[in-house]
Amino acid sequence: MESFLLQTLTEKRMNRKNMRHLLPIMLAGTGSDVGKSLIATGLCRIFRQDGYNPAPFKAQNMALNSYATPDGLEIGRAQAVQAEAAGILCHTDMNPILLKPSGHLSSQIVIHGRPAGNRDAYDYFRKEGREELRTIVNEAFDRLNARYNPVVMEGAGSISEINLRDSDLVNMPMARHAGAQVILVADIDRGGVFASVYGSIMLQSEDDRKRIKGIIINKFRGDLRLFEAGRKMMEDICGVPVLGVVPFAPDIHVEEEDSVALSTKKHGACEGKINVAVVLLRHISNFTDFDMLERHPSVNLFYTADQKDISEADIIIIPGTKSTIADLLYLRGSGLAQAIVKAYKDGKTVIGICGGYQIMGETIADPEGVEGEPATVPGLGILPCSTVMTPDKVTRQVCFRFREDESECHGYEIHMGQTVLSPGAAPVNMISEEQPDGCMAPDGKSFGSYIHGILDNSCVVESILRPSAGRTEVKFDYRRFKEEQYDKLADHLRRHIDIGAIYKILSEK
């Protein structure tokens, strides 16, 4: 069997070597949240299915959803998902610059997976110093392009922000460096699609306008025949072919990058399911931690900042946060802290991930002012542990064992701060024989952990659902589910986008 698998892998590698070279493709947008990331993910899977060796690339990403690479560095979650769809390991070359918002006007800058300080928006987007960053992203692309075929690039926001053109690292200047063919993605669901497409094209320079080789209309609702005349009109006024009109597909579930998606997930408890309430923090991060639970057939998962919802849930989860102390103070000021503690005392299960784990402890100290002014604040007191914030960030993938279960589990850590357990307190996980993680609460059900992705492991999910699952089955293979979703997405795009035309465009000299 092993020799057969080796032979099959060798044949696939040979086939990929014999595939014709394709030009890079960039999915640019008429605005933010038009679906560029999802279409890039689908194209990564399509190219992989067709025998190519694709890789994703986004020069600069702004997101609080991030992921740890195999070598312990940090990139945007969207590029990690796209790499997974492409069947390859993720790397910081796929997202060399990550901006993690830490306030209204400032972000932590992560360059090749390592923090490089905080910058306010005005300072970051000034022309001064941009060439150094441009060199970083260009060299990252060049390394990817030498190894993969094709590189599936993603732009950021709108390509028509002409006031930022000179400092742009990620849209048309990146496409020019890469020699990429650009496909413009527009969201018809938000309205004004003709104006947004036409304006986005016409505001480009003449040379950049020629680089735009196609249009994809995304998030269509209703009968596609109603847009047939509109498709022809758009091609006539823009002089660019419409390669596809992609219907909104609520039955395809691929991890989201943007917290904008959380606005559609604010519903409450329902009967006949295990109700899981994720506390909607002001600075919530890595909410993809809960995708497996959200898709689980036995679970009704929702995001809430309502005390009544907390009281009606079977399980309450405090998620990760970019600003732990600020969100802890928000919980206290809003009454949510009292509601969570009462739910715990009433026998509900409370779980904290990363910053949520820190919040569940007895105290959080920030003597060096890592998150702002130096301070020490009391936590919720559910877990017998205390945290001290430190400027060094831990980023790594981990294998671990959950409680007494002997199954090998997988996840990743991205956090600042060190948490120390009180005497007699028990950890949740063992990363190695000498390295525990997390803290169990005295009730034996509630816990906190630094490990993102802990809830992607079946044994963990079965354990936390079991006390509430007298009426339902709890087994669910999330990894298989994700692979099925990538294939469903690829099938959906093949039905509604002219993939043959895309191959033709990418084969042009």
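Visitor: Why does Phe227 count as buried?

Guide: First, keep in mind that this is a predicted model. Phe227 has a relative accessibility of 9%, and buried means under 20%, so Phe227 counts as buried.

Visitor: And what makes Phe194 partly exposed?

Guide: Look at its number: Phe194 comes out at 31% relative accessibility. Buried needs a value under 20% and exposed one over 50%, so Phe194 lands in between and is called partly exposed.

Visitor: Why is the pair of Phe194 and Phe227 called tilted?

Guide: Two values are needed here, because a pair of aromatic rings is described by the distance of the centres and the angle of the planes. The centres of Phe194 and Phe227 are 6.0 Å apart, within the 6.5 Å limit for a pair. Their planes meet at 40°; stacked would be under 30 degrees and edge-to-face over 60, so this pair is tilted. The two rings come from distant parts of the chain: Phe194 is in helix α7, Phe227 is in the loop between β11 and α9, and 33 residues separate them.

Visitor: What makes the pair of Phe47 and Tyr503 edge-to-face?

Guide: Their centres are 5.6 Å apart, with 70° between the planes. That angle is over 60 degrees, so the pair gets the edge-to-face label. This one also links distant parts of the chain, with Phe47 in helix α2 and Tyr503 in helix α17, 456 residues apart. Both Phe47 and Tyr503 are buried. Add Tyr52, and Phe47, Tyr52 and Tyr503 form one aromatic cluster.

Visitor: How do you know that Thr69 is buried?

Guide: Thr69 has a relative accessible area of 0%, and the cut-off is under 20%, so Thr69 is buried. You'll find Thr69 in the loop between β4 and β5. Among the residues it touches are Cys90, His91 and Gln397.

Visitor: What makes the link between the side chains of Thr69 and Asp71 a polar contact?

Guide: The distance given for these two side chains is 2.3 Å. A polar contact needs N or O atoms within 3.5 Å, one able to donate a hydrogen and the other to accept it, so 2.3 Å fits the distance limit.

Visitor: Which helix gives the largest share of the lining of the largest cavity?

Guide: That's α16, with 5 residues. The cavity itself has a volume of about 70 Å³, and its lining includes His253, Asp291 and Tyr478.

Terms used. Residues numbered from 1 in each chain as written. Predicted model: local features only at pLDDT ≥ 70, side-chain atom pairs only at ≥ 80, totals over all residues. Heavy atoms only, no water. Helix = DSSP H or I, 4+ residues; strand = E, 2+ residues; numbered from the N terminus. Buried < 20%, exposed > 50% of the residue type's maximum accessible area, 1.4 Å probe, protein only. Contact = heavy atoms within 4.5 Å. 1 Å grid on protein atoms, 1.4 Å probe; cavity = no way out; pocket = protein on both sides within 12 Å on 5 of 7 lines; lining within 4 Å. Points joined across faces, edges and corners; volume = space filled by probe spheres on them. Lists of a residue's contacts leave out its neighbours within four places in sequence.
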